[in-house]
Amino acid sequence: MYIQCSNNLAEHSHKLSKCDASSPWLILIHGLFGNADNLAGIKRHFESSFNIVSVDLPDHGESPWTNGFLVSDAADAIYDIMQSLNIEKSAVLGHSLGGKVAMKLALNHNDKVTHLIVADIAPVSYNHSHQAVFDGLKSVPLDTIESRKDADKIMSAHVKEMGVRQFLLKSLYQDENGSWKWRFNVDGLISSYSHIIDWEQTTQTFNGVTLFIKGSESDYITAEYRDAITRYFPSAKAHIIEGTGHWLHAEKPAAFNAIVERTLNKSS
């Protein structure tokens with residue numbers, strides 16, 4: 001198989017850990033307000049045995065901003081990256097919003113996905129739960145702050161969890177002119193939020209190896225979502241990591257990587 005190892009052929013930003021014709025592929029997809037580096041711990045664990053593509057979703061990281069974020073469009077963007085790299089088949093792992101994109105990719109292109117691993121999200125519509133984050137992001141006066149510390153102090157009036165603020169602030173940077181900017185499209189993602197938390201109903205199914213990993217203290221996957229999961233993913237298995245919340249891959253990386261490794265070792 002010929003592999004195109006250029007990062008310049010796809011419109012959307014992505015990073016390659018290596019490009020070895022003898023190694024299988026693994027695509028990593030981050031969540032809302034994240035970027036390709038969020039799953040770096042997973043990348044480091046698997047890069048010796050996989051060609052890993054770490055993706056910036058549309059409106060995130062270094063990928064282009066859009067007129068409206070849609071999960072289906074984001075899945076198409078991942079597929080475009082696969083085509084640009086001449087990837088015939090790949091395992092796909094997505095966290096949160098990235099899990100929704102991974103699911104949509106597997107449903108739309110089930111012959112291209114060998115293994116589907118979904119971290120703490122389900123194929124369902126969710127209720128609005130990010131208003132405090134939106135308020136915090138919008139409260140930061142980018143024209144007048146002098147440091148991330150300034151932004152953190154202002155955001156803390158809305159976003160009480162220090163870990164969430166630290167995660168968001170990783171995407172606050174100064175451009176070549178010294179102006180502070182967010183790497184993600186704040187206004188665009190807020191306006192697209194109703195689509196982000198929604199789930200597009202479909203009759204498509206994916207029958208390949210599928211694993212849903214849930215944080216025991218997270219409510220993003222509940223028993224009531226089991227029917228929706230099995231409707232779209234008849235072969236799906238589930239694993240709960242005790243003592244973790246929604247950021248399960250960061251909270252217990254060894255346990256997370258171990259269950260992912262066992263799943264990736266299963267025949268597709």
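How do the residues of the lining of the second largest pocket divide into nonpolar, polar and charged? They divide into eight nonpolar, six polar and two charged. The structure is a predicted model, in which local features need pLDDT of at least 70 and side-chain atom pairs count only at pLDDT 80 or more, while totals for chains, interfaces and linings use all residues. Residues are numbered from 1 along each chain as its sequence is written, and side-chain values use heavy atoms, with hydrogens and water left out.

**Pockets**

- On a 1 Å grid over the protein atoms alone, a pocket is an open set of points where a 1.4 Å probe fits, with protein on both sides within 12 Å along at least five of seven lines; lining residues have an atom within 4 Å of a point.
- The largest pocket has a volume (the space filled by probe spheres set on the grid points) of about 700 Å³.
- Its lining comprises 32 residues, and Ser96, Ser129, His130, Tyr220 and His246 lie nearest the centre.
- This lining of the largest pocket contains 17 nonpolar, 10 polar and five charged residues; Ala, Val, Leu, Ile, Met, Phe, Trp, Tyr, Cys and Pro count as nonpolar, Asp, Glu, Lys and Arg as charged, and the others, Gly among them, as polar.
- The second largest pocket has a volume of about 330 Å³.
- It is lined by 16 residues, with Asn38, Lys170, Trp247, His249 and Ala250 the closest to its centre.

**Helix α6**

- Helices (H or I, at least four residues) and strands (E, at least two) are DSSP runs, numbered from the N terminus.
- Helix α6 (162-169) supplies at least two residues of the lining of the largest pocket, and the largest share of the lining of the second largest pocket, four residues, also comes from α6.
- Within α6, Arg165, Phe167, Leu168 and Leu169 are buried, that is, under 20% relative accessible area with a 1.4 Å probe and protein chains only.
- The cover over these buried residues includes α4, α5 (148-155), β6 (172-174) and β7 (180-182).

**The sheet**

- Seven strands form an open sheet in the order β1-β3-β2-β4-β5-β8-β9, with mixed pairing; two strands pair if DSSP finds at least two bridges between them.
- Strands β1 (14-16) and β9 (236-241) stand at the edges with a single partner strand each, so one side of each has no neighbour in the sheet.
- Strands β4 (residues 90-95) and β5 (residues 113-119) run parallel and are joined by five bridges; Val92 has Leu116 in β5 as its bridge partner.

Note on methods. Buried < 20%, exposed > 50% of the residue type's maximum accessible area, 1.4 Å probe, protein only. Contact = heavy atoms within 4.5 Å.
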